[in-house]
Amino acid sequence: MSLNNDKNNVHWLASLSLIGLVIVFFTNWPIYHYRFGGPETTWYYVIAWIMAAAFVFLKPKIVKLLLSEPMFYWFLVYALSGLLWVVFVDAGYFSAEDRSWRSRFLALLLFSACFVLTAGVDFRRLVAVWFGCALFAAVCFWIDYLVPFTFIPADQKGSNPGRAAGFFVNANIAGGLLVIMCIAIMPFIAMRWRIFLILVMGMGVFPTFSRSAMLLAILVSLVWILRGHFNKKTLLILLVVVPFVSIIGATLFSIGLSSTEINHDNVAGRLQFFETMGKESNDESAQERRYVAELAWQRFTENPLVGYGMRELDETFPAWGFPHPPHNMYLQLMFEQGIWGGILYATFMGIILFKGIRLYRRASSRQGSEFGVAFILIAVYFAFLGFFSNTLLSETVGIITLAALMAKERELISSDRRCA
C-alpha cells in the first residue's frame, strides 16, 4: 500500500497538520512556553492526536500502515512496560510529579500521529519546512550566544550564558537535535542546497559548545563526503567557502567571548577538550558525568533483573540519591528496568539500523541509497548520544523525524514491491 504520491495525492489536511506540528515542535516552543508559564506540553500531543484522528477518519486505510510498522510496536512495548514497572516494581506508586512513565505514552502518541499524517504529505514540502526550522534554530543559537539572556532571563533556571540553546533551553539537547534534523534533510534536497545544509549544521552546533554534538556533526559530515553525498563541484565550492565561514565564525566567537556575562571558564574548558582530545579535560561537567555514570552502573549491578522502577531519578529517591540524572540513555533504562531496559534500547536502535542497511543494499536510485545512509546515521545518533543524554526518547524532534522517515521508508518498500 502506497502512502502517497508526492505529485498527485497530497492531502491538504495532513499537510497543514504535520507542517504545523513540525514548526511548533522543531522550535521547541511547547517546552519553552511551559517553562515560562504556558500550558502543559501534554496539550500539544493531544492536538497532534486529534489532527491524526481527523485524517484517519477521511482515510481509514492508513491505520493498516501504522499497524504494519515494527517501530509502532516498539513504542507500544516501551509505553506498556513502563506502566507495568510502575504497577509491579513500584507497587502501583503513581506520583503526580512523576513524568517518566507518562512521557512514554506521549512518545507513542506523537510517533503514531506523525506517522499517520506523513501519509498525506508532500515530503518535499515537509523537508523544506525542516530546513527552515534548522536554519531558524542555528540563527537563534548565535543570537543566544552573542546576546546572553535573550531567550532565558538571568534569574531563571537553565540560564547558561556562553552556551547557546535558543528555544531549546539546554545546549546539549539543542546541538544534538540540530544534527538529527540535518541528517533527515540530506537525502531529500537538491545537490546545490547541500552546501548550505552542512554549513547550517556546523555553524549552528558550534555556539552550543556541546562536545558530543560537535563530534557527531564532524562524523556525519565525514560520512556524507565519503559516501558521495556531494558532487565534485559542490566539494570544490565547500573547500573555498569553509575558510571564509570559519573566519566569520571565529570573529563572532571573539565578539561573544568579549562579553563579561559569559562563563569564560566553561567555554575554555570545553574548547580545551578538543585541543587535548579529552586527556587533560577536568571540568566539573565531565567529572559529574563520570560520577553519575558510575553511580548508575553500581545501582544496576545491585538490582540487574528488574531495576528500580519508573520513579523520577532525583535526590528524593533513596535508590538514586543524587540531584542529577545519569546523562546516559543506556544506564537510565537499565536503572529503571534492569537488563530488560538495556535490551529495549538495543532493540530500538537495531530496528533503525536494520531498515537503513536494507534500504542501502536494495536501493535502485541515488536517493534511496542516501536514505539508507540517513537511517544508519540516525541509529548512530541514538547510539552515540545515548552515552551523553538520558532524554533522547522524550525529545519531540527526534520522535517526529523518526516517524516521518519510517513512513517514507514504508512507501519506498511498497514501491519496490510493485515494481518487482
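Let's start with the overall make-up: this chain has 17 helices and zero strands, where helices (H or I, at least four residues) and strands (E, at least two) are DSSP runs numbered from the N terminus. What you're looking at is a predicted model, so local features need pLDDT of at least 70 and side-chain atom pairs count only at pLDDT 80 or more, while totals for chains, interfaces and linings use all residues. Residues are numbered from 1 along each chain as its sequence is written, and side-chain values use heavy atoms, with hydrogens and water left out.

How much of the chain is buried? Of the 420 residues, 52% are buried, and buried here means under 20% relative accessible area, with exposed being over 50% and partly exposed in between (1.4 Å probe, protein chains only). On the outside, the accessible surface comes to about 19100 Å², and 66% of that belongs to carbon and sulfur atoms; such areas come from the Shrake-Rupley method with a 1.4 Å probe, and for residues only the protein chains shown count as cover. As for who touches whom, take the contacts (heavy atoms within 4.5 Å). Among those with a separation of 6 or more, 78% are between residues 24 or more positions apart.

Now go inside. In soluble globular proteins, nonpolar side chains tend to be buried together. Here the largest nonpolar core has 115 residues, and Trp130 and Phe348 have the most contacts inside it. A core of this kind is a set of buried Ala, Val, Leu, Ile, Met, Phe, Trp, Tyr and Cys residues joined through side-chain atoms within 4.5 Å. Helix H7 (residues 123-146) gives the most to this core, with 13 residues. Apart from the largest core lies another one, of eleven residues, including Leu295, Leu313, Trp320 and Phe322. If you'd like to find Phe348 in the model, look for what surrounds it: leaving aside neighbours within four places in sequence, phenylalanine 348 is in contact with Met71, Trp74, Phe75, Phe382, Leu393 and Leu402.

Next stop, helix H14. Nine of the nine residues of H14 (residues 329-337) are buried, so this helix is largely enclosed by the rest of the structure. The buried residues include Met329, Tyr330 and Leu331, and also Gln332, Glu336 and Gln337. At the start of H14, a side-chain oxygen of asparagine 328 reaches to within 3.0 Å of the backbone nitrogen of tyrosine 330. After H14 comes glycine 338, with a positive phi near 65 degrees.

Glu336 also brings us to the charged pairs. Side chains of opposite charge can pair when their charged atoms come close. There are seven salt bridges in the structure, each being a side-chain nitrogen of Lys or Arg within 4 Å of a carboxyl oxygen of Asp or Glu. One of them joins arginine 104 and glutamate 336 (3.2 Å, N to O). This pair links distant parts of the chain, with arginine 104 in helix H6 (residues 100-118) and glutamate 336 in helix H14, 232 residues apart. Both arginine 104 and glutamate 336 are buried.

Another salt bridge holds glutamate 409 and arginine 358, whose closest N and O atoms are 2.5 Å apart. It too links distant parts of the chain: glutamate 409 sits in helix H17 (residues 396-419) and arginine 358 in helix H15, 51 residues apart. Glutamate 409 and arginine 358 are buried, and they belong to a network of salt bridges with Glu69 and Lys355. For a pair within one helix, try glutamate 370 and arginine 366, four residues apart in H16 (residues 366-385), about one turn of the helix. Their closest N and O atoms are 3.2 Å apart. Glutamate 370 counts as buried at 5% relative accessibility, whereas arginine 366, at 48%, counts as partly exposed.

Finally, visit the loop between H7 and helix H8 (171-185), the place of phenylalanine 149. Most residues other than glycine have a negative phi. Phenylalanine 149, though not a glycine, has a positive phi of about 75 degrees. Valine 169 is found in the loop between H7 and H8 as well, and its phi is positive too, near 70 degrees. Phenylalanine 149 is partly exposed at 27% relative accessibility, while valine 169 is buried, with a relative accessible area of 13%.

Methods
A polar contact is a pair of N or O atoms within 3.5 Å; within protein, one must be able to donate a hydrogen and the other to accept it, and residues adjacent in sequence count only if both atoms are side-chain atoms.
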